[in-house]
Structures are given as C-alpha cells and as structure tokens.
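This briefing concerns the arrangement of secondary-structure elements in a single model. Please consult the sequence and the coordinates shown here alongside the text.

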Amino acid sequence: MPQQPQAQVFDLVVVGGGPGGYPAAIRAAQLGLKTALVEKERPGGVCLNWGCIPTKAMLRSAEVLETARHGAEYGVLADNVRLDYAAVLARKDRVVKSLTDGVAGLLAASGVTVTIGHARLTGPRTVEVVGVGDAPLGQGGPRYNAPPAPDGAPAATLEGRNLLLATGSTPAVLPIPGIDLPGVVTSDGAFLLEEVPRRIVIIGASAVGAEWATMFQAFGSEVTMVELMDRLLPAEDEDIGKALARSFARRGIKVETGRTVTGIAPAGDQAPPLVVTVADPDGGNPREVEADVVLVGVGRRPNTAELGLERAGVATDLRGWVEVDDRLRTGVPGVHAVGDVTGRVLLAHVASHQGLVAAGVMAGHDERIDYRAVPAATFTHPEVASVGLTEAAAREAGHDVAVGRFPFSALGRAQTFGGVEGLVKVVAERDDGHVLGVHVIGPGASDLIPEGVLAMQLGATLSDIAATIHAHPTLGEGTMEAALVALGLPVHIPPSRQPTSPTRRPPAGPSRRPPARPAAGPAAADGPVDSRAHAPSGSATLPHRGTGPGAGPVKAAPAALASGAPGQERAPRFDLKVTVDATRLLGLRAELNQQTGVEVGLTDLVVKACAGLLAVSPELNASFGGDRLLVRRRVDVGVAVVGEDATLVSAVRDADRKSVVRIAQEVAELADRARAGQLGAEEAAQAAFTVSSLGVDQFTAVLEPSEGAVLAVGAAHPEPRVVDGQVEVRQVLRLTLSIDHRVVDGATGGRFLGRLKDALEQPLQIVA
Ligand code: FAD
C-alpha cells in the first residue's frame with residue numbers, strides 16, 4: 001500500500017486554477033488566508049489555455065487578414081496578402097504563454113502554494129494530489145480534463161479549513177451517429193488542426209461555434225453552420241441574431257437555422273472525408289454536406305470525474321453541476337464551488353466574480369453574488385455584446401418596454417473606422433425609463449457594453465445615459481443615441497413615426513429606482529447629484545459637528561462623543577466594526593514621514609483609502625435627502641478635527657484625487673485653524689462620508705443629516721496575533737462604521753468595510 005504523505009494544513013485549498021480558482025486564491029491570500037491551489041495543467045484554466053484567449057488571439061489574426069485584404073478601401077495598397085496559419089498558431093501560443101506565466105507569477109507573488117497534479121477529495125476537509133494521466137487528445141492537447149495517472153499514488157495530501165471547487169467544464173459528447181469519427185472535433189480539437197480545413201461544418205451557433213465560423217471563414221474555409229434554434233446566437237436579442245445572420249450571409253457563411261445534424265459518415269475514398277446529414281428536427285428535408293472537419297461547438301458538462309465529490313458529500317443537480325447558494329456554498333460546511341462547475345453562467349468573468357465573492361465569504365465577509373447585470377460578449381466579426389433582458393424576455397416578464405435602436409451607419413466614428421455594420425439597442429421600462437437591457441452588434445461591441453453594465457448596476461435610466469456627455473467621435477455615442485431614440489428624442493436619425501416612449505422628457509430627470517445591486521437601501525438611488533448644489537443642512541446642535549449653514553466663523557457646540565444626544569431626530573442607523581492589522585500601515589506612515597518630511601497621520605491614510613473606495617463605491621458617498629438619495633459626484637471626505645471647545649468636521653475636497661501627503665497637509669492646516677477658532681462656515685463639511693479619529697476605541701459617531709456614514713477610527717495598539725501559525729505582536733486598529741440605514745444596507749456597508757480593511761492591510765495601493 002502506498003505511503004500517505006503527511007498532510008499540509010491550509011485555511012483554504014482551491015481545486016482548479018482557471019478564472020474561477022486563481023482569482024479566488026489570490027484574494028483569499030490577500031485576506032490573510034493561508035491558501036493552496038491544485039491544478040492539473042498550466043494555471044489559467046480553459047479560458048487562458050483552450051478558450052477565451054487563444055480564440056481571441058486567432059480572431060485578431062483573422063481581423064488583420066481581412067483588414068489587409070480590404071486595405072485598398074482605406075487607400076492602403078498591399079500585394080500578395082496571404083495567411084501563414086502556422087504563424088497564427090505560434091502567435092496564439094505566445095499570447096497564451098505570456099498570460100499563463102503571468103498568472104503563475106501572480107499566484108507565487110501572493111504567497112499561494114501551487115501544486116500540479118490531479119486533486120481528489122478524500123473528505124470535506126482533505127484533498128489528495130495524484131499524478132495526471134495522458135491528455136485525451138494526445139501529445140500537445142489539453143490536459144485539463146485528463147484522468148488521474150493510472151498508478152494513483154498520492155504525491156501530496158492537503159488539508160483545508162475551507163475547500164473551493166473550481167474544476168470547470170469539459171465538452172459534452174452529442175448523441176449523433178458518427179460523432180467519434182476522425183475529423184470530428186470539439187473546440188479543444190480545433191486548436192490542434194495544423195491546417196485550415198477547406199470545408200467545415202460547425203454544429204451550434206452560440207458564441208463558441210460563431211467565433212470559430214468567423215475565424216475559419218476569414219482564413220478561407222467554406223463554412224456551414226447548423227443551429228437547432230431559429231437564429232444565430234439564440235441567447236441574444238432577436239434583432240442581434242438577425243443582424244449577425246445578415247452579416248454572415250454577406251461573408252459567405254452558410255447558416256442553417258431550425259436544423260440539426262442527424263448523422264456523420266465517412267465519405268469512403270473520396271475527399272473531403274466526411275458527409276454530414278443536416279435535417280429538420282423531425283428528420284425531414286435531409287441534405288448532405290461534405291466536410292473535411294466537423295466542429296461541435298455546443299454542449300459542456302461539469303468537470304467532476306474522479307474528483308471524489310461523493311466522499312466529501314457534495315451534492316450535484318441531476319445533470320451533475322455542483323449546487324451552490326448565493327454565497328457559493330455547497331451543502332457541506334466549508335466547501336464552496338465557483339465557475340463553470342456550478343453550471344450557473346459558463347463565462348470566465350462570472351467564474352472570476354464568483355471566486356472573489358467566495359474568497360470574501362470564506363474570510364468571514366458578508367458577501368453574496370448578484371447575477372442581474374452580467375455581460376456577455378461574442379467576438380464574431382462584427383462583435384456582439386449584451387447585458388440584461390432581451391426585448392422579448394422583458395415583455396415576457398411583464399414589463400411595458402420602450403426600445404431605442406441606433407444604427408452604427410449613422411455614427412461618425414463608425415464611418416471613419418470603416419465598420420458600419422450593426423446597431424445599439426436599449427430596452428427600458430416605458431414609464432420611468434429604467435434600463436432593462438443593452439444589446440450591441442458592431443465594431444468594438446465588447447468594449448462598449450460596460451456602459452450598459454454600469455447603467456444596470458447603478459439602476460440608471462434612459463435619461464441618465466442620454467444626459468451623460470459622450471466624447472465625439474466615438475462608438476460609445478451609439479448607446480447615448482439609442483437612449484435618445486427610446487426617449488423619442490433622436491438627434492442623428494429621423495424621428496420614428498411611432499415614438500417608443502409616451503412621455504417625451506428631456507434627458508435630465510434623476511432615476512428613482514434602487515440599483516441592480518440588491519444591497520442598495522430602499523430609498524436608493526437618486527442619480528448623480530453634485531453636493532455643491534445642495535443647501536447646507538448642518539446643525540450646530542449635533543455633538544461632533546461645529547459647522548453650521550450660516551455665514552461667519554463657526555460657533556461650535558460642546559464636544560460630546562457618545563451617541564444619543566438628547567432632543568435630536570436620529571437616522572435609522574447601524575454600526576459595523578472591524579479590526580485591522582495596521583502593522584504595515586504604520587510602517588508605511590513612518591516611511592512617508594521620513595521621505596517627505598510631512599507628518600502623515602494614520603487618519604490621513606485612512607481618509608485616502610476611504611476616498612479611493614468611495615470613488616468606486618459611490619453608494620456610500622450618499623446621504624438621505626427626505627424622499628431621495630443624494631449621491632455625491634465628488635469624493636469629499638469629512639474629517640473631524642478637534643477645535644477650541646468642540647470637535648469640528650471639515651472636508652477634504654476631491655480627496656480621491658489628492659495624494660496622502662497633500663491630505664495630511666490640509667488636515668493639519670484645518671486642525672490648526674479649528675484650534676484657533678478660525679474655521680469658516682464655507683469650510684463646513686457637507687461631505688456624505690466622514691472619518692473621525694478621536695484616539696479612543698469604543699466610540700460610535702452621531703450622523704449629521706448631510707452624512708450617510710461616519711467611520712470612527714480607534715487608536716493603534718499592540719496585540720498578539722497568529723500569523724502563518726506563529727504568534728506575533730501586531731499593531732491593530734479598530735474601525736466602527738456608522739451608517740444611515742436609509743442610504744445603504746448592511747451587506748453594502750460590510751463589503752465596504754471589508755474592502756477598507758483589505759486596503760489598509762495592503763497599504764501600498766493607498767499611495768500607489
Ligand atoms: P476552467 O477554466 O475550466 O478551469 C478549471 C481548471 O481546473 C482547469 O485548469 C483544470 O485543469 C483544473 N482541474 C479540473 N479538475 C481538476 C482536478 N481534479 N485537480 C486539479 N485541477 C483540476 N468565456 C468568456 O467569458 N469569454 C470568452 O470569450 C470565452 N471564450 C471561450 C471560448 C471557448 C472555445 C471555450 C471552450 C470557452 C470560452 N469561454 C469564454 C468560457 C470560459 O472559458 C469558461 O467559462 C471559464 O474558463 C470557466 O472558468 P473555471 O475556472 O470555472 O473553469
């Protein structure tokens with residue numbers, strides 16, 4: 001019997017180093033978890049090795065080839081343009097290597113222990129690592145779905161307080177006669193073709209099939225696509241599928257929709273070697289198509305073979321996908337799963353996002369995943385990208401929709417670029433204009449969709465998009481123009497005879513719906529509001545505030561630090577607390593002081609860290625304004641400074657744009673003037689977020705009406721802590737975040753505090 005190696009113990013063992021597993025491992029390590037990762041192949045998973053990246057590298061070669069061929073249209077003449085397919089593959093390999101090496105480097109730099117081998121669960125806490133068997137497609141082929149080595153002797157045993165399963169998915173075998181013939185490949189096998197096939201039949205017209213069709217057509221193949229559904233990219237909006245079909249037809253790609261492949265047979269001695277029978281779903285109207293290669297571009301199944309799920313007691317659904325909740329927990333305590341293996345959304349960015357959330361959850365943060373604003377991109381020529389509901393899905397879900405379509409042919413940048421195919425389509429709620437979905441087909445679609453994603457994430461309206469100034473000439477103007485069309489106010493195309501929106505409103509109204517993010521409070525979000533536009537609402541009666549709305553020098557109320565000042569209407573608020581290991585932060589402060597000669601305080605570093613987070617998490621840069629949420633555009637951070645006879649709050653304006661040294665200088669100057677009683681009313685904070693550092697630990701602040709949150713920073717003090725299994729004396733800092741519950745909920749506040757803790761514990765990013 002082989003000897004069982006001594007178990008190495010970790011806080012977290014991640015199985016699988018793809019886009020789900022590797023970001024989770026890095027984040028977990030950042031959050032202080034001692035982390036190991038087991039991977040069969042090179043890190044990066046299917047995405048970097050056999051999916052997203054190699055296909056995009058090859059599609060780029062296809063694009064360059066097409067552009068060179070059409071150079072004359074741009075006044076650029078090139079003779080003898082031709083393809084060197086071996087060079088295309090070599091470039092693809094270089095790109096893949098560069099990125100997978102990069103991931104390996106990141107894992108190493110983060111202190112993640114990486115073990116190469118096949119991981120098998122032996123219980124809910126233990127993983128044994130054995131050798132990897134032969135690659136299913138032979139030498140040079142993928143090993144991510146290889147079986148364990150036949151000898152099976154464990155090379156390592158890892159024990160984890162938590163396990164994260166991120167083993168991905170693998171091509172499914174379709175039940176078609178002849179599917180196992182030579183020349184029939186999945187997308188894995190397509191990478192191993194040494195030549196461009198003269199004739200190729202592609203089964204399935206979703207993203208993978210459509211991208212290979214684009215590529216091989218550009219490289220010179222005669223391409224036939226067969227799709228069971230009634231259009232290309234069936235998951236996309238109908239208008240998009242139709243537009244892509246028109247474009248494919250122009251390029252000479254033959255598309256048979258509403259059809260299926262009923263059999264593949266060898267063609268005897270003839271070339272090409274395969275005959276594919278394409279028929280209606282009921283077998284009617286059969287037609288034979290000759291092919292050198294048949295590419296199966298549909299169907300994935302979870303990569304769970306020989307993973308030992310049963311030994312850990314992890315449940316799967318009927319199709320074998322690992323079941324998880326919105327915190328990525330399986331039913332077994334401590335065992336989480338992310339990415340394709342969960343069968344939720346088989347996309348790399350979803351896997352990564354799940355991985356980051358799972359890492360936070362395992363580190364004890366209150367995080368959940370929200371799938372409402374998930375983008376998808378397909379890198380066909382022209383590209384396709386989308387987020388949210390299609391028009392049909394929105395109607396099915398009972399929405400009364402307004403739709404705006406804007407063709408790229410009407411856009412200056414598209415004309416100059418030379419890619420005038422396609423359109424932007426915005427689907428919104430008719431009565432209040434809230435964006436339900438954005439769909440793009442055309443040049444740069446994948447880079448345009450983030451505007452739609454952000455719109456959905458923040459609960460934006462058509463008016464919000466239309467009122468946002470877009471640079472000219474850019475392809476991004478298409479989204480703004482589509483929003484204007486949906487509002488019935490098109491500028492660059494003739495008005496439609498049937499306005500899509502009954503109430504034509506100029507694009508200025510603020511949105512009143514909670515953002516897609518569920519964490520937003522019930523009264524969230526009132527669009528971007530410039531805090532300068534609001535009348536000051538400060539009150540001199542509040543305990544830690546001395547600045548009032550009136551002119552002249554500030555008359556401060558006596559300082560009273562504890563919450564609960566009498567006679568004052570209080571916001572519904574809650575407090576969140578966290579302890580931060582501030583050892584590195586203190587080291588950084590000492591270095592800064594030495595280098596700059598400016599006395600940078602801990603509070604200044606905290607202010608800077610908060611400002612950076614508020615710039616990307618505006619939900620905490622907001623306050624409650626009666627019937628609406630006032631979200632500040634500028635990142636002003638209130639700072640409590642001790643004055644003559646009271647604690648006063650002034651603001652560091654645009655703190656996200658200032659260096660920590662500059663912030664330190666401003667805060668010092670404010671404090672000096674506060675002590676001298678010279679702080680003017682114009683310096684009253686009016687910031688929605690305040691940092692208050694009074695040097696005591698157990699202190700919770702009072703919220704001003706203009707404030708959504710106050711962060712109380714305690715004094716740093718030494719405490720023994722366990723680091724990498726050793727007891728060390730570390731400097732710790734306690735933070736208390738008091739939040740107006742009408743502004744955000746606990747989950748959002750918790751996430752903010754978690755990120756702040758991360759930032760303060762990895763402080764180089766604060767001064768970067
Ligand atoms: P994977 O990337 O599959 O990673 C799982 C990892 O686990 C693998 O590295 C594997 O070796 C390892 N592993 C499995 N079992 C074990 C074990 N027992 N022990 C140790 N290691 C193990 N998505 C996009 O978002 N954009 C795209 O453009 C895109 N293009 C694609 C193109 C193609 C051709 C394909 C096939 C997919 C594409 N995808 C794309 C999908 C994307 O690749 C996946 O959604 C993504 O890779 C899933 O990440 P994951 O971490 O869950 O799994």
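The points that follow cover two sheets, two helix pairs and aromatic contacts.

The model is a predicted one. Among its features are an open five-stranded sheet with parallel pairing and an open three-stranded sheet with antiparallel pairing. Helix 1 packs with helix 9, and the axes of helix 16 and helix 17 come within 9 Å. A search of the whole structure finds five aromatic pairs.

**Parallel sheet**

- The five strands of this open sheet follow the order 8-15-9-10-11, and their pairing is parallel.
- Strand 8 (184-186) and strand 11 (254-257) form the edges; each has a single partner strand, so one side of each lacks a neighbour in the sheet.
- From one strand to the next, the twist averages 20 degrees.
- Strand 8 and strand 15 (residues 293-296) run parallel and are joined by three bridges.
- Within this pairing, Thr-186 has Val-296 of strand 15 as its bridge partner.
- Helix 6 (residues 207-219) packs on the sheet, where it touches strand 9 (199-203), strand 10 (222-227) and strand 15.
- The direction of helix 6 makes about 165 degrees with that of strand 10.

**Antiparallel sheet**

- Three strands in the order 12-13-14 make up this open sheet, with antiparallel pairing.
- Its edges are strand 12 (260-266) and strand 14 (287-291); because each has a single partner strand, one side of each is left without a neighbour in the sheet.
- On average, and with direction ignored, neighbouring strands of this sheet are turned by 25 degrees against each other.
- Strand 12 is joined by six bridges to strand 13 (residues 274-279), and the two run antiparallel.
- Opposite Pro-266 stands Leu-274 of strand 13.

**Helix 1 and helix 9**

- Helix 1 (residues 21-30) packs with helix 9 (residues 348-362) at an angle of about 30 degrees, and their axes are 8 Å apart.
- Because angles under 35 degrees count as roughly parallel, helix 1 is described as roughly parallel to helix 9.
- The crossing of helix 1 and helix 9 is right-handed.
- On the side of helix 1, the contact is made by Pro-23, Ala-24, Arg-27 and Ala-28, while helix 9 contributes Ser-352, Gly-355, Leu-356 and Ala-359.
- By class, the residues of this contact comprise five nonpolar, two polar and one charged.

**Helix 16 and helix 17**

- The axes of helix 16 (residues 602-616) and helix 17 (residues 660-675) come within 9 Å of each other and cross at roughly 120 degrees.
- Helix 16 and helix 17 are therefore oblique to each other.
- Helix 16 and helix 17 cross in a right-handed manner.
- Asp-604, Leu-605, Val-607 and Lys-608 of helix 16 meet Val-660, Ile-663, Ala-664 and Val-667 of helix 17.
- The contact of helix 16 with helix 17 has six nonpolar and two charged residues, and no polar ones.

**Aromatic pairs**

- Five aromatic pairs are found in a search of the whole structure.
- In the pair of Phe-689 and Phe-752, the ring centres are 5.5 Å apart and the planes lie at 50 degrees, so the pair is tilted.
- Phe-689 belongs to strand 29 (residues 689-693) and Phe-752 to helix 18 (residues 746-761), so this pair ties together parts that are 63 residues apart in sequence.

Key: Residues numbered from 1 in each chain as written. Predicted model: local features only at pLDDT ≥ 70, side-chain atom pairs only at ≥ 80, totals over all residues. Heavy atoms only, no water. Axes fitted to C-alpha atoms, helices over the stretch in contact; angles between N-to-C directions. Helix = DSSP H or I, 4+ residues; strand = E, 2+ residues; numbered from the N terminus. Parallel < 35°, antiparallel > 145°, perpendicular 65-115°, else oblique. Left-handed = near helix turned anticlockwise from the far one by under 90°. Contact = heavy atoms within 4.5 Å. Nonpolar A, V, L, I, M, F, W, Y, C, P; charged D, E, K, R; others polar. Pairing = 2+ DSSP bridges. Phe/Tyr/Trp six-rings, centres within 6.5 Å; stacked < 30°, edge-to-face > 60°.
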